[in-house]
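Student: I should like to understand how the descriptive terms used for a structure are justified. May we work through some of them together?

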Amino acid sequence: MNYRVVQWGTGNVGAHALAGVIANPDLELVGVWVSGPKKDGLDAGTIAGLDDPVGVTATTDTEAILAAKPDCVVYCSMTDNRLLEAVEDLRRLLSAGINVVACAPVFFQYPYGVLPDELLKPIQEAAAQGNSSLWVNGIDPGFANDLLPLALAGTCLRIDQLRCLEIVDYASYDNREVMFDIMGFGKPLDEIPMLLQPGVLSLAWGGTVRQLAAGIGVTLDAVTQTYERIPAPESFDIATGHIAEGTAAALRFEVRGMVGDQPVTVLEHVTRLRPDLCPDWPQPAHHEGSYRVEIIGEPSYAMDLVTSSRNGDHNHATLLATAMRIVNAVPAVVRAPSGILTALDLPLITAPATRPA
């Protein structure tokens with residue numbers, strides 16, 4: 001069966017997702033939504049970086065997308081700085097009977113106990129009205145801290161703590177708004193960026209630790225957060241700009257799912273802009289970075305996932321992985337019952353072994 005698909009957003013993740021939709025013989029691309037005139041009217045093949053056109057042109061017209069009546073929208077629009085607008089996008093699509101797979105807003109990965117009713121209920125009601133489903137995933141939040149740790153957890157007699165880490169060099173991550181405005185790199189340490197405002201870490205990754213807890217049958221008493229920032233010892237440049245001496249150049253944070261005074265499920269990020277910074281912090285399995293699962297229990301585990309690509313560095317590989325995690329889930333999400341889906345609701349998602357180079 002072929003599923004009619006619209007690609008919504010064609011930025012760092014969306015362009016990869018678009019190429020993935022075009023390459024998948026089970027998916028039929030019927031529309032591409034873009035946010036501005038620069039890509040409006042371009043062929044989808046051009047936007048995806050392919051050699052040949054595919055005969056589907058991009059549009060800024062939301063009504064045209066709805067009129068195409070897709071089975072599913074692959075939603076990759078920027079959401080960090082437009083959360084309410086993104087929630088309204090999802091509500092409108094779901095209420096029109098269109099299923100959605102998305103890489104954001106990340107709090108919909110597992111919103112229970114995380115989102116207030118004013119954000120959660122409109123999406124639940126829209127899904128019920130349209131008999132449609134929403135699934136949000138990626139790599140982190142995503143398969144690096146749901147699929148992989150829960151697979152290992154299924155082999156344990158006892159689990160005392162389940163910890164997921166991202167230990168990555170972000171110097172080549174090509175999104176200035178995320179790097180400087182949202183994460184606060186290159187900013188004075190007394191200037192608190194969006195990501196580190198009170199409650200934001202727990203909003204973004206609280207669903208991760210709550211989903212892990214649900215997956216291992218634990219009821220959390222609380223979710224807490226903590227962070228540490230380290231200044232640049234001297235000035236240097238990264239892909240998106242200049243990091244002045246004394247401004248933020250490394251960030252470490254934890255979101256902890258607590259039972260009593262014990263952290264049972266933990267999401268930790270160790271983010272550097274140079275590999276020599278903070279040598280006492282956890283080190284990756286590869287110099288560019290890795291995703292790590294640590295289980296303290298019986299048995300205990302330590303597992304590192306290292307991403308790579310023939311077409312780019314580790315950041316390119318993780319953007320591609322994020323895109324393909326949701327594109328490959330389209331058939332399962334279309335077939336699933338209506339509502340907000342989590343990794344605990346879907347079957348194992350795989351992809352055909354043969355893909356274009």
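Student: Which residues of α1 are buried?

Tutor: In this predicted model, the buried residues of α1 are G14, A15, H16, A17, L18, G20 and V21.

Student: What makes helix α1 largely enclosed by the rest of the structure?

Tutor: Helix α1 spans residues 14-23, and 7 of its 10 residues are buried, so the helix is largely enclosed. The elements covering these buried residues include β1 (3-8), β2 (27-33), α2 (44-47), β4 (72-75) and α9 (314-327).

Student: Why are α1 and α9 called oblique to each other?

Tutor: The two helices pack at an angle of about 50 degrees, their axes being 8 Å apart. Roughly parallel requires an angle under 35 degrees, and roughly perpendicular one of 65 to 115. The angle of about 50 degrees fits neither range, and α1 and α9 are therefore oblique. The crossing of α1 past α9 is right-handed.

Student: Which residues make the contact between α1 and α9?

Tutor: From α1 come H16, A17, G20 and V21, and from α9 come H316, L319, L320, A323, M324 and V327. By class, this contact has 7 nonpolar, 3 polar and no charged residues.

Student: How do you know whether T59 is buried or exposed?

Tutor: The relative accessible area of T59 is 17%. Buried means under 20%, so T59 is buried. T59 lies in strand β3, and, apart from neighbours within four places in sequence, is in contact with V32, W33, V34, D40 and I65.

Student: What lies 2.9 Å from a polar atom of the side chain of T59?

Tutor: The backbone nitrogen of D61 lies at that distance.

Definitions and conventions: Residues numbered from 1 in each chain as written. Predicted model: local features only at pLDDT ≥ 70, side-chain atom pairs only at ≥ 80, totals over all residues. Heavy atoms only, no water. Buried < 20%, exposed > 50% of the residue type's maximum accessible area, 1.4 Å probe, protein only. Helix = DSSP H or I, 4+ residues; strand = E, 2+ residues; numbered from the N terminus. Contact = heavy atoms within 4.5 Å. Axes fitted to C-alpha atoms, helices over the stretch in contact; angles between N-to-C directions. Parallel < 35°, antiparallel > 145°, perpendicular 65-115°, else oblique. Left-handed = near helix turned anticlockwise from the far one by under 90°. Nonpolar A, V, L, I, M, F, W, Y, C, P; charged D, E, K, R; others polar. Polar contact = N/O pair within 3.5 Å; in protein donor to acceptor, adjacent residues only side chain to side chain.
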